[in-house]
Amino acid sequence: MINPIYRILIFVTIALVICMSGSGLIDKGIHTYHEQRIEWLTEILEKKTAYDVLFLGSSRTHNAINPHVIDSICSTNSYNAGMNGANIFEFSMLLDAYLENHPPPAYLVLTLDVPSFSLPQKIFTPSQYIIFTDNPVIRRSLSDNGYLSGFPESFSFLRMTCYDDKDKQDAIEGLNHQRHLYFSWYSYKGFLSDTLQVSSPADSAEHTPILMNVSSGSLDYLHHIIKTCRELGIRLIFTYAPEYKSLRQLRYSDSKQVFRLIYDTVRANNIPYLRHDSLSICTDPSLFRDVSHLNRKGADTYSIILATKLREIMNDSNINHWLRPGLR
Amino acid sequence: MLFNSPGFLLFFPVVTLIYFLLPHRYRWLHLLLASCVFYMSFVPAYILILAAIIVIDYTAALLIKKSVDIRYRRRLLYASFVGNIGVLAVFKYFDFFIQNINSFLSSLHIPVQHLPYLHLILPIGLSFHTFQAMSYTIEVYKGNQEPERHFGIYALYVMFYPQLVAGPIERPQRLLPQFRVVHHFSSLNLLEGLRLMLWGFFKKLVIADRLAFYVNIIFSNVGHYHYLNLLEALLFFSIQIYCDFSGYSDIAVGAARTMGFSLSLNFNRPYYATNIREFWQRWHISLATWFRDYIYFSLGGNKKGTARLYMNIVIVFALSGLWHGANWTFVAWGLLHSAYFLIYLLILRHKKQSARFNSLKNLVGMIITFSAVTLSWIFFRAENIDDSLLLIRQIFTRYSGFPFQLVFNDKITMSYFGIGTLWIAGIATVLMLAVERIFPPDFSMLNKKPALDIAFCSVILSLIFLFGVFHKTSFIYFQF
């Protein structure tokens, strides 16, 4: 009969070894599978490159704005920091985390969506940030949202508590030498898009409108972004990315409330709002991957439209009343 | 404080360690303070409600013991009931009552102003500790229990942190004397307690919280899914609620065991029950016996004729449903179980006893019981009666305009349930059912098999860590 205390020590030790080995494998798989995402996040959260234009938003930014097109038309150095599923909290967090290392960009182009203001879960994919806890903003945000963070390197296996089943499934794919680039092999400065895929008829099927529930605290994060831009002299521009025949906003029963909220903010702060849901390209299915996302052809077409508009704005000293004339 | 929160990882070892470091005479105070901290981590002000219940029952019990006048003793007992049930009525049932009155008035088209709601937040585990407190005064009234004169120890009986918010609902004869016993540190108790806690965490974090993703997607919009999706969700909820609640009980019993306390068995492999009576002898045992001893027997049990027996069963199950929540869905759930029970009694009455094909009969009985219980969870889980009926209609008419989805790959729903999730949940459930079939509920068998014990605990701890769902999720039974 082994003393119960020894039994406890033995089983804890064995479990520790299994967990460390298991988490090591899962980490390795995730790194392989999401190699490109890690590269983008490293650029945003760790590097110090100076960019003139920073694009923030969800997948509708990530898949829609090609910095190559923008830079060639506007003669800028821009970066697309759009993140899948990101909402207003994550935009605010990414901006703060970006500013930890990078100099402030001249322009911040923020794509606001209806779901941006709904915060059932503040960070959409917390696990993607867990290896970036050297950035104090990321560490604090993860910790504030109940995720273990900031542990010493020897306890890095505790990262496992942040991974969900999707991450673990991705890890298995990664261990099988698969990569995440499922809808594109074209990627440039944070932009990722599909070359071939077009909108399918099923995407246009009618949906019962769902209520996104604008979270009460979401406006605070928007105001925080505006305040940061004001303090650092960043020109702020809001956009609404193209969608196929306005079908996306019809999915949400509180779309009007969100647009009213955006228009109120825009008016109060003299922020240019580039609402691109009624462009002629929005009725061409060959430019869309699905109702909400442009494909590569659509993204390039839209980027040209956006860049042309941005160039006009860059020459207009009248925007963002907090900017002194001639500051930029 | 949730058992599955990082705070508890610190709270539990610190409280247990200090418990053994302190001399016996201070231990009650330490446990009482720890229980207050535990309870106040939810809504601090609600400790006052608990304090009021404790004072009422403590005083009532002392006065009951002191008095020889039967009528006065009965009045004191009723006063204690009014105190406990009054708190329940205000915090749990008042808005439900008002809602029904308002609906009734509206249906009669009486032009009166609607009665106002209180909109109070329900104190965590209120039904559990009021029932535990009531069992104390009842037992003192019946003369089965001496009143506890030490106010602190009585308060600890109501507030003992492992079982404070979700049971097991302990009887005073079992728990109160344990606070007076000197518990010396026992490495065997520690091992047994930790083992049970691990098992509870496994059921909660690996199975229940994972299945909850699927169940929540479906039950948030029952009208929008294929009938097979509804059946899948129902099966998952059956497993989820068992793993969630029995997992909590295992953690509670295990945490108490590490300090030398022995709490009641609350679940005894209920899904292996071969009939509905057996199910209720195995499911939420502490509540089922509470209703049996204090309501069913008080109503006359089976001693007042068949018609009265049937009525008593219906009353007890309806009340048991209402205990769970202020919603007609819970009452419907209770009534459905009473119907099962009555059908079972009728079959029993007309069935010829035969020992032939016993194994097959047991298997068939197990499948029928599990199916019936699973069907009843529709009312337990659905938001309202309309949703419950819609779900039943869709399952039985097999009509829906939506395609079947075995899994949900769209992470936008915030409740991703991919094929990997299904595999993990499936394997873990089979493992859980096999382990509970092989080992007794307290796993005492493993004490004599160190190699198997070490292997079992290592695997379970690793599985919790590698496949646990560590997002903040509450226990289903906390709401009661």
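Q: Which residue of strand 6 of chain A stands opposite Thr111(A)?
A: Thr239(A) of strand 6 stands opposite Thr111(A). The model is predicted, with local features requiring pLDDT of at least 70 and side-chain atom pairs pLDDT 80 or more, whereas totals for chains, interfaces and linings use all residues. Residues are numbered from 1 along each chain as its sequence is written, while chains are lettered from A and ligands numbered from 1 in the order written.

Q: What makes strand 3 and strand 6 of chain A a pair?
A: Pairing requires at least two DSSP bridges between two strands (strands being DSSP E runs of at least two residues, helices H or I runs of at least four, numbered from the N terminus). Five bridges join strand 3 (residues 107–111) to strand 6 of chain A, and the two run parallel; therefore they pair.

Q: How do you know that strand 6 and strand 7 of chain A pair?
A: Three bridges join strand 6 to strand 7 (residues 273–275) of chain A, in parallel, so the requirement is met. Tyr273(A) in strand 7 is the bridge partner of Phe238(A).

Q: Why is strand 6 of chain A called largely enclosed?
A: A residue is buried if 20 or more other C-beta atoms, placed from the backbone, lie within 10 Å of its own (exposed: 12 or fewer; partly exposed: in between). Six of the six residues of strand 6 (residues 235–240) are buried, so the rest of the structure largely encloses this strand. Arg235(A), Ile237(A) and Thr239(A) point one way, Leu236(A), Phe238(A) and Tyr240(A) the other way, and all are buried.
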